[in-house]
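Please walk through this model with the sequence at hand, beginning with its strands and moving on to a helix, the nonpolar cores and the cysteines.

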Amino acid sequence: MNDPKVHILLSTYNGSNYILEQLHSIFQQTYQNFTLFIRDDGSSDNTLALIDQYKEQHPEYASKINILPNLSNSNLGYMESFWTLLQKCGNADIYSFCDQDDVWLPDKLMQGVKFLTAHDNSLPLLYFSSFYLCNEDLSQRSPAPQVSLPIGFKDVLFYTPAFGFSIMINECLRNTALKISDRRNLPHDGWMQKLAAAFGKILYDPTPTAYYRRHGLAVTTENQSTRSLIRNWISHDILGSSMSETHYVISRFYQEYASSVSEENQKILKLFGTDQKGLIIWWKRLTYRPHLRPTAGGRLALKICFFLNRY
């Protein structure tokens, strides 16, 4: 495929603090065959005014910026907003998800295009890259943890190795995703990873291609420690609503695709996607041997959830 067309999908919401910096990094990409589609999700600040200002100050980029209308200024939430962008942006060869407050490194698009075009385009393909974890003003930076390969279907059930802003997908994966009967409450990034793992391939690039801001947090060893991760899993998985939300997504995937995935993945979906309760299924989940998360802390939190029937 020569010079494939890329659609960049950017959902904004009260992003005035960083949107200009992100726009600048997008238009400084070494790969330029793209159109930027923006949907504002009901901002109450001047995000849209800043985007219009950017277009006026950079007329050479204006034709590459397409703002989807939101006449009612409705707030759909990030999940439905990104699904709307994916549906309404029209056809391209590759689609790249984009957050409003990160900064892309110059070769981000080029890296994704190289990876995706090197594989069988008739399969649903998802590419994602590494990145730098940063504090709010980007003055502190540290590489994201490396991802273990290969990434199979079981590896994306209770864990999403790819962050949304780092994901690029091909047309086949987009078409597959948009056929789903009901997209409500389904995170676009996690759903894409499940589809690619079940029916195509997930491609990981260890090269950092973006600065990922973590607002209000310093990028320190403590923030990335196992202790910190365990605290997060306890508050979200064990005591919070994270596991019920995860179960909803897996059960939706089970409803949509149980009959079309491989026999091995059918067994996994039946075990974790069913709404059935009882001692037998509780025991099978608790004693399931393959690792469902990459770290010991994450696996422990998941086992506790299974033991307490919090899933």
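Two strands are taken to pair if DSSP finds at least two bridges between them. The model examined here is a predicted one, and a good place to enter it is strand β2, which covers residues 34-40. On one side β2 runs parallel to strand β1 (residues 6-12), to which it is joined by seven bridges, and within this pairing L9 has F37 of β2 as its bridge partner. Strand β2 is also joined to strand β3 (residues 65-67), again in parallel, by three bridges, and here F37 stands opposite N66 of β3. The link between β1 and β2 involves helix α1 (residues 19-27), and these three elements together form a right-handed β-α-β unit.

How many residues of β2 are buried? Seven of the seven are, so the strand is largely enclosed by the rest of the structure. The cover extends to both faces, since F34, L36, I38 and D40 are buried on one side, while T35, F37 and R39 are buried on the other.

Helix α7, made up of residues 188-199, offers a second enclosed element for inspection. Its twelve residues reach 16 Å from the first C-alpha to the last, which is close to the 16 Å expected at 1.5 Å a residue. Because eleven of its twelve residues are buried, α7 is largely enclosed by the rest of the structure; the buried residues include H188, D189, Q193 and K194 as well as W191, M192 and L195.

In soluble globular proteins, nonpolar side chains tend to be buried together. The largest nonpolar core of this model holds 53 residues, of which L126, F158, I169, W191, M192, F253 and F272 touch the most other members. Helix α7 gives the most to this core, contributing six residues. Once neighbours within four places in sequence are left aside, F272 is in contact with L157, F158, H247, I250, R285, Y288, L292, F306 and Y311. Apart from this core lies another, of 31 residues, with F27, L109, Y127 and L133 among them.

The cysteines remain to be considered. A disulfide is a covalent bond between the sulfur atoms of two cysteines. With a cut-off of 2.5 Å between the sulfur atoms, the count of disulfides comes to zero. C89, for example, is in no disulfide, as the nearest cysteine sulfur, belonging to C98, is 13 Å away. C89 has a relative accessibility of 5% and therefore counts as buried, and C305, at 0%, likewise counts as buried.

Methods: Residues numbered from 1 in each chain as written. Predicted model: local features only at pLDDT ≥ 70, side-chain atom pairs only at ≥ 80, totals over all residues. Heavy atoms only, no water. Buried < 20%, exposed > 50% of the residue type's maximum accessible area, 1.4 Å probe, protein only. Helix = DSSP H or I, 4+ residues; strand = E, 2+ residues; numbered from the N terminus. Right-handed = clockwise from strand over helix to strand, strands pointing away. Expected span 1.5 Å × (residues − 1). Core = buried A, V, L, I, M, F, W, Y, C linked by side-chain atoms within 4.5 Å. Contact = heavy atoms within 4.5 Å.
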